[in-house]
Amino acid sequence: MLDHRKICLAPVMISFLMSVLAFVVVLSPLVFVHELGHYWAAKACGVHVERFSIGFGPKIFSWKDKSGTEWIFSWILLGGYVQMLGDANVASSVSKETSQTDHGRTMAGKTHLQRIMIAAAGPAVNYVVAFAMFVALFVAFGQPYHRPIIGTVLPTSQAYLAGIRQGDRINHIKGAKNKIATFEDVLKVLEKTPATQPLDVFVTRGDQDLNLTIMPAEKASGVWLGKLKCAPDKNARFYWKKSFMRAIAETLDMLNPVRMFKSLRLDSMGGPISIAHQAGSVLQEGVLPVLFLMASLSLGLGFFNLLPLPVLDGGLIMMEGIECIMGRKLSDGLRQGISIAAFGVLAILLVFLSWSDLGKIPAVAALLSR
């Protein structure tokens, strides 16, 4: 007798393996250029780099260059790091074994400005890569948009209760200055609409024109795709070519860190599982969607690493700035303590996001509900 559970699990396992493969293919080059930014800046400032690793865990292969840097490719391709001379811990404190002669070749032996440059170089390269990719893609192929057609809507959502159904085309939202041309226009309107204001939506369903009112209960964060539990029809995606100058303007708006920080919400964040699932889905759609995903992830990687958490580049920049203002160095113990605490916060966030990500994958959610 056939085991139906194994038959049901087979597609899930295949999807999982595809997602892992896509995750590695998409993310590894971005991690590489990020760490390359730190490497270049360190070398430019006279800091000796002992190890440049892509991935963690047991190494697949390695070699040493003429400057003595060991280049490593490891089996767990979920990140990477640059280890500089004298690094003793996650706070980049100089080890006691480092001699006074070598102190000038360590990061601790450099000025505050040089250390800030080294820390900022990784995210900066990610921003440069994202900028170059977006501009080139917008000019050559066009900026991706979705026509304002509903692809999915959950029955428990306020949108569904208001009458929104799959296949509905959104034509206008009361209060919007212009007609809704893309699904992205809907997001822009929601961001500007007060959370307590009901949403009057004009839609077309077949040959019917409907006026629906969505109550604000789930619109508080202004996220149509998240809180209202609606998503656009994937088949309604199209690409709108831009002129070179327009592509630059659109890209600079996307790269605005203030705008990105304002839109940062816990319910809209995704962890490694969500990114892997997205990469697996996009990989099946073709090369162009993969390139757009890589550009988006490069931007996200650069932005995330600039957050002021001590184990991230932004945290190192923040602590260097504090030391510069104070005119004295924070103790290694204090720096290490802050870094370990921040690492714990990130670990908890990672676990939370990973658990949340599982519920966003239909196949996994179906298995967990059994």
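Leaving aside its neighbours within four places in sequence, which residues is Phe 261 in contact with? Let us start there and then walk through the rest of the chain. What you have in front of you is a predicted model, and Phe 261 lies in its helix α6, which covers residues 257-262. Once neighbours within four places in sequence are set aside, the contacts of Phe 261 are with Phe 303 and Leu 307. Another residue to look for here is Phe 304: it is 43 residues away from Phe 261 along the chain, while their C-alpha atoms are separated by 9.7 Å. Is Phe 261 buried or exposed? Its relative accessible area is 52%, and because anything over 50% counts as exposed, Phe 261 is exposed.

Now step back to take in the chain as a whole. It has 370 residues, and buried ones make up 39% of them. Eleven helices and nine strands can be found along the chain. If you take the contacts with a separation of 6 or more, 65% of them are accounted for by residues 24 or more positions apart.

A good guide through the helices is α2, which spans residues 112-140. Two packed helices are described by the angle between their axes and the distance between the axes. With helix α9 (residues 313-326), α2 packs at an angle of about 165 degrees, and the axes are 9 Å apart. That angle makes α2 roughly antiparallel to α9, because angles over 145 degrees count that way. The crossing of these two helices is left-handed. On the α2 side, the residues that meet α9 include His 112, Arg 115 and Ile 116. Among their counterparts in α9 are Asp 313, Leu 316 and Glu 320.

Next, follow α2 to helix α8, residues 287-305. Here the axes come within 8 Å and cross at roughly 150 degrees. This makes α2 roughly antiparallel to α8, and α2 passes α8 in a left-handed crossing. Pro 123 of α2 is worth finding, since it is listed among the residues that meet α9 and also among those that meet α8. Other α2 residues in the meeting with α8 include Asn 126, Met 133 and Leu 137. From α8, the partners include Leu 288, Phe 292, Leu 299 and Phe 303. You have met Phe 303 already, as a contact of Phe 261.

The third partner of α2 to visit is helix α5, residues 244-255. These two pack at an angle of about 140 degrees, with their axes 9 Å apart. α2 and α5 are therefore oblique to each other, and their crossing is right-handed. The α2 residues making this contact include Tyr 127, Phe 131, Phe 134 and Phe 138. Those from α5 include Phe 244, Ile 248 and Leu 252. Tyr 127, Phe 134 and Phe 138 are also among the α2 residues that meet α8.

Let us turn to the aromatic rings. A pair of aromatic rings is described by the distance of the centres and the angle of the planes. The count comes to 13 aromatic pairs. In one of them, the rings of Phe 61 and Trp 63 have centres 6.3 Å apart and planes at 10 degrees, so the pair is stacked. Both residues are partly exposed: Phe 61 has a relative accessible area of 43%, and Trp 63 one of 42%. Ring pairs also link these two with Phe 32, Tyr 39, Phe 52, Trp 71 and Phe 73 into a cluster.

Some rings have a charged partner too. Arg 165 lies over the face of Tyr 160, at 3.6 Å from the ring centre. Similarly, the charged end of Lys 242 sits over the ring of Trp 240, 4.4 Å from its centre.

Two smaller residues round off the tour. Ser 28 is found in helix α1, residues 4-44, and is buried, with a relative accessible area of 15%. Apart from neighbours within four places in sequence, Ser 28 is in contact with Phe 23 and Leu 77. Ala 176 has its place in the loop between β5 (169-173) and α4 (183-192). At 14% relative accessibility, Ala 176 counts as buried. Ala 176 is 14 residues from Leu 190 in sequence, and their C-alpha atoms are 9.5 Å apart in space.

Terms used:
Residues are numbered from 1 along each chain as its sequence is written. This is a predicted model: local features need pLDDT of at least 70, side-chain atom pairs count only at pLDDT 80 or more; totals for chains, interfaces and linings use all residues. Side-chain values use heavy atoms; hydrogens and water are left out. Rings of Phe, Tyr and Trp (its six-membered ring) pair if their centres lie within 6.5 Å; planes under 30 degrees apart count as stacked, over 60 as edge-to-face and the rest as tilted. Buried means under 20% relative accessible area, exposed over 50%, partly exposed in between (1.4 Å probe, protein chains only). A charge sits over a ring if NZ of Lys or CZ of Arg is within 6 Å of the ring centre and within 35 degrees of the ring normal. Axes are lines fitted to C-alpha atoms, for helices over the stretch in contact, and angles run from 0 to 180 degrees between N-to-C directions. Helices (H or I, at least four residues) and strands (E, at least two) are DSSP runs, numbered from the N terminus. Angles under 35 degrees count as roughly parallel, over 145 as roughly antiparallel, 65 to 115 as roughly perpendicular and the rest as oblique. A crossing is left-handed if the near helix is turned anticlockwise from the far one by less than a right angle, and right-handed if clockwise. Contact means heavy atoms within 4.5 Å.
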